[in-house]
Amino acid sequence: MAVRRLAPAEKQPEAFAFTAENLEWAKGQIAKYPEGRQASAVIPLLWRAQEQAGGWVPQKAIEHVAALLGMPVIRVLEVATFYTMFNLEPVGKHHVQLCGTTPCVLRGAEALKKVCKEKIGHEHHVTADGTFSWVEVECLGACVNAPMAQINYDYYEDLTPENFAKLLDDLAAGREVKTGPQIDRQFSAPVGGPTTLTGDAGTGAPATEKEPALADSDAKRPGEAANVRDEAVPKPPVGVGPRGGRSTRRE
């Protein structure tokens with residue numbers, strides 16, 4: 001992972017303080033932890049500071065969080081610079097995190113980088129109107145839908161240079177966009193629909209309608225499929241034999 005540093009002084013605001021609403025929220029987070037453990041709230045407080053600051057964490061925000069939690073500033077700085085979820089320099093209204101890990105690269109992420117460079121500029125650059133910025137990131141955990149990108153809080157998957165460029169154009173124009181897969185696909189289901197287990201096992205015939213599978217609370221006949229029902233037979237209580245007599249063993 002590359003070294004992460006705070007934004008240069010000329011980009012830093014002169015001051016930062018939580019709004020009254022965010023301060024009240026922060027106090028609620030701190031109160032979740034016992035006395036002496038307030039530092040455990042550092043990540044949620046940094047996250048709220050990032051949201052208030054417009055998508056990034058200024059140095060003054062780090063100092064403010066440290067003061068609220070009674071922590072040395074360097075400890076909060078360590079957290080902010082370690083987790084890549086915290087942006088350390090200004091970002092655009094739509095901050096694009098483009099996955100550049102192997103599955104996405106194999107599926108065309110390099111072509112998506114070219115789209116970012118053409119429409120936004122180099123990494124970490126914020127467009128003149130403040131609309132876009134972008135950065136390449138490590139795996140975002142949606143490999144089956146590669147290539148993909150996260151824009152602010154949403155995932156956009158199954159990207160191509162064409163639909164990715166259109167997506168950025170729509171965001172710039174303020175048009176409503178579709179999150180998730182950008183092709184005719186249901187979430188992470190196979191492209192084009194199911195390709196296996198579409199018929200009765202071992203016959204190749206179309207699947208026949210069956211009873212629904214049993215719930216955990218339903219009885220199942222031993223040795224039968226999970227949709228074959230059987231009446232539940234209650235077991236006698238421990239210490240009572242099958243004919244009602246006392247027993248010293250479990251039946």
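This report walks through the overall make-up, two helices, the salt bridges and the largest pocket of a predicted model.

**The overall picture**

Let's start with the whole chain. The protein has seven helices and five strands. Reading from the N terminus, the elements go α-α-α-α-β-α-α-β-β-β-α-β. Of the 251 residues in the protein, 35% are buried. As for contacts, if you take those between residues at least 6 apart in sequence, 55% of them join residues at least 24 apart.

**Helix α1: one side in, one side out**

Helix α1 covers residues 20–30, and its buried residues are Asn22, Ala26, Gln29 and Ile30. These four sit on the same side of α1, because the arc they cover around the axis is only 95 degrees. Flip to the other side of α1 and you find Ala20, Glu21 and Glu24, which are exposed. And what does the buried side lean on? The buried residues of α1 pack against α2 and against α3 (59–69).

**Helix α6: a similar look**

Now for helix α6, residues 109–119. Here Ala109, Leu112, Lys113, Val115 and Cys116 are the buried ones. Their arc around the axis is only 160 degrees, so they end up on the same side of α6. On the other side of α6, the exposed residues are Lys114, Lys117 and Glu118. The cover over the buried residues of α6 includes β1, α5 (102–106), β2 and α7 (161–173). Just past the end of α6 comes Gly121, with a positive phi of about 125 degrees.

One of the covering helices, α5, is home to Thr102. Thr102 counts as exposed, with a relative accessibility of 51%. Along the chain, Thr102 and Cys139 are 37 residues apart, while their C-alpha atoms are separated by 8.4 Å.

**Salt bridges**

Some background before the pairs: side chains of opposite charge can pair when their charged atoms come close. In this model the count comes to nine salt bridges. Here are three of them, with the N to O distance for each.

| Salt bridge | Closest N to O distance |
|---|---|
| Arg48 and Glu51 | 3.4 Å |
| Arg75 and Glu78 | 3.2 Å |
| Lys113 and Glu136 | 2.9 Å |

Take the Arg48 and Glu51 pair. Both residues belong to helix α2 and are three residues apart, so about one helical turn separates them. Glu51 is partly exposed, at a relative accessible area of 37%.

The Arg75 and Glu78 pair sits in helix α4 (residues 73–82), with the two residues three apart, or about one turn of the helix. Arg75 is partly exposed at 45% relative accessibility. Glu78 is partly exposed as well, with a relative accessible area of 39%.

What about the bridge between Lys113 and Glu136? Lys113 is in helix α6 and Glu136 is in strand β2, so this pair ties together parts that lie 23 residues apart in sequence. Why does Lys113 count as buried? Buried means under 20% relative accessible area, and Lys113 has 12%. Its partner Glu136 is partly exposed, at 31%. This bridge also belongs to something bigger than a pair: Glu110, Lys113 and Glu136 are linked in a network of salt bridges.

**The largest pocket**

Last stop, the empty space. Rolling a probe the size of a water molecule over the atoms shows where such space is left. The largest pocket has a volume of about 1,000 Å³. Its lining has 35 residues, and those nearest the centre are Arg4, Thr84, Asn87, Gln97 and Val135. Three elements give two or more residues to this lining: α2 (42–52), β1 (94–99) and β2 (132–137). Which of the elements gives the most? That is β2, with four residues.

By class, the lining of the largest pocket has 15 nonpolar residues, 12 polar ones and eight charged ones.

**Tying it together**

A few elements turn up in several of these stories. Strand β2 helps cover the buried residues of α6, holds Glu136 of the salt bridge to Lys113, and gives the most to the lining of the largest pocket. Helix α2 packs against the buried residues of α1, contains Arg48 and Glu51, and is one of the elements giving two or more residues to the pocket lining.

Technical notes
Residues numbered from 1 in each chain as written. Predicted model: local features only at pLDDT ≥ 70, side-chain atom pairs only at ≥ 80, totals over all residues. Heavy atoms only, no water. 1 Å grid on protein atoms, 1.4 Å probe; cavity = no way out; pocket = protein on both sides within 12 Å on 5 of 7 lines; lining within 4 Å. Points joined across faces, edges and corners; volume = space filled by probe spheres on them. Nonpolar A, V, L, I, M, F, W, Y, C, P; charged D, E, K, R; others polar. Buried < 20%, exposed > 50% of the residue type's maximum accessible area, 1.4 Å probe, protein only. Arc of directions from axis to C-beta. Contact = heavy atoms within 4.5 Å. Salt bridge = Lys/Arg side-chain N within 4 Å of Asp/Glu carboxyl O.
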